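Student: I've got a protein model to look at, and I'm not sure how to read it. Can we go through a few features together?

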Amino acid sequence: MSSAGSVSARTKEEILSTPRFFFRARPAQAHWMSREEAIMGTSIRVELWHEDPMMGDAAMAAVMEEMHRIDRAMSPFKPESELSRLNREAPKAPVPVSEEMFELVARSIEFSRLSEGAFDITFASVGCMFDYRKGIKPTAEKIAAALPGIDYRHILLDRRRRTIEFARDNVRIDLGGIAKGYAVDNCVALLKTRSVKEALVMAGGDSRVLGDKRGRPWMIGIRDPRRKDAVVAMIPLVDAAISTSGDYERYFETGGVRYHHILDPRTGLSATGARSVTIVGPDATTTEGISKSVFIMGPERGIRFVESLPGIDAVVIDCDGNMHYTAGLRQSPQCSQGSTGA
């Protein structure tokens, strides 16, 4: 007969040799998850609900990697980016580009035509001479010399060869008015492939929501252009995008004049008709492109323009702090309005 001590030893050996101990961890509960990083010169945020937290983490990581990828390709500040290469070589000869770059430039030209030139990625022909961090602006003489380079018709596309060429030597493009919205749309598409059904993706002033927020609409605030922590309106969204362009994003002031990054293609100077423009629509590429267009147009023309577009709405805060709505938002029972504090 085995002693109690030997039985205990054998039992211990059996337990230690068993691959699993038959203890099961409590399954992680589904919940809201979020992540935020600084990419593309702005704050990138993703918030989502997922039944499997590990899969949710992987989905958020995929969003951030996609943002980094687009930044590497489209940043005008990275010498090795495809956009920088295009700006260096396209004034000399047709430049073969990726399908992604070709199609985004082509989409930009569509916005230029739709807005009758208010949206124009060749604004960078003058815009590249401003430094908003250092408070540097070009002289009137330098602006006048570079201004002929601003014209989207200087961008020559060859779809068959998939090349882009500039018609003038001093043409330069910047996709800052459309690339963040495009990146947001790409990330929402990525989340859909990962079985995410409820999410928010934000890139600075450009956001898109996937689904609702557990049975309620997402409520997206429009900030007061002159008070950083104040909100002047709340917009309810389900499966929609929203973009805000403002004169407070990148700017400096000198001599009582605010110089900001949204340049009027006609003058090469900062547009003066509005403080901010918010556009609501089906996708963030569209809302970002339209927000820049309306900012240049100003409130009256801009509101008329938006109301001519199906499925698009706008909130414009003019240079005096007055708020203007398109008809679709004025009729929304859920759209709440605060004060601009003007």
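Tutor: Sure! One term to start with: angles of 65 to 115 degrees between axes count as roughly perpendicular. Keep in mind that this is a predicted model.

Student: How do people describe two packed helices?

Tutor: Two packed helices are described by the angle between their axes and the distance between the axes. Here, the axes of helix 2 (residues 53-74) and helix 4 (residues 99-114) cross at roughly 75° and come within 11 Å. Helix 2 and helix 4 are therefore roughly perpendicular to each other.

Student: Which residues in helix 2 and helix 4 meet?

Tutor: From helix 2 you have Arg 69, Ala 73 and Met 74, and they meet Glu 100, Met 101 and Leu 104 in helix 4. By class, that contact has 4 nonpolar, no polar and 2 charged residues.

Student: Now the strands. What's the general idea with side chains in a regular strand?

Tutor: They alternate between the two faces of the sheet. In this model, strand 1 (residues 31-39) and strand 2 (residues 42-50) run antiparallel, joined by 9 bridges. Try finding Arg 35: its bridge partner in strand 2 is Val 46.

Student: And how many residues sit between the strands in that hairpin?

Tutor: There are 2, and Met 40 takes a positive phi near 60° in this hairpin.

Student: What about the second largest pocket: how much space lies in it?

Tutor: About 190 Å³. It is lined by 13 residues, and the closest to its centre are Glu 116, Gly 117, Ala 118, Pro 265 and Arg 266. The whole lining splits into 5 nonpolar, 1 polar and 7 charged residues.

Terms used:
Residues numbered from 1 in each chain as written. Predicted model: local features only at pLDDT ≥ 70, side-chain atom pairs only at ≥ 80, totals over all residues. Heavy atoms only, no water. Axes fitted to C-alpha atoms, helices over the stretch in contact; angles between N-to-C directions. Helix = DSSP H or I, 4+ residues; strand = E, 2+ residues; numbered from the N terminus. Parallel < 35°, antiparallel > 145°, perpendicular 65-115°, else oblique. Contact = heavy atoms within 4.5 Å. Nonpolar A, V, L, I, M, F, W, Y, C, P; charged D, E, K, R; others polar. 1 Å grid on protein atoms, 1.4 Å probe; cavity = no way out; pocket = protein on both sides within 12 Å on 5 of 7 lines; lining within 4 Å. Points joined across faces, edges and corners; volume = space filled by probe spheres on them. Pairing = 2+ DSSP bridges.
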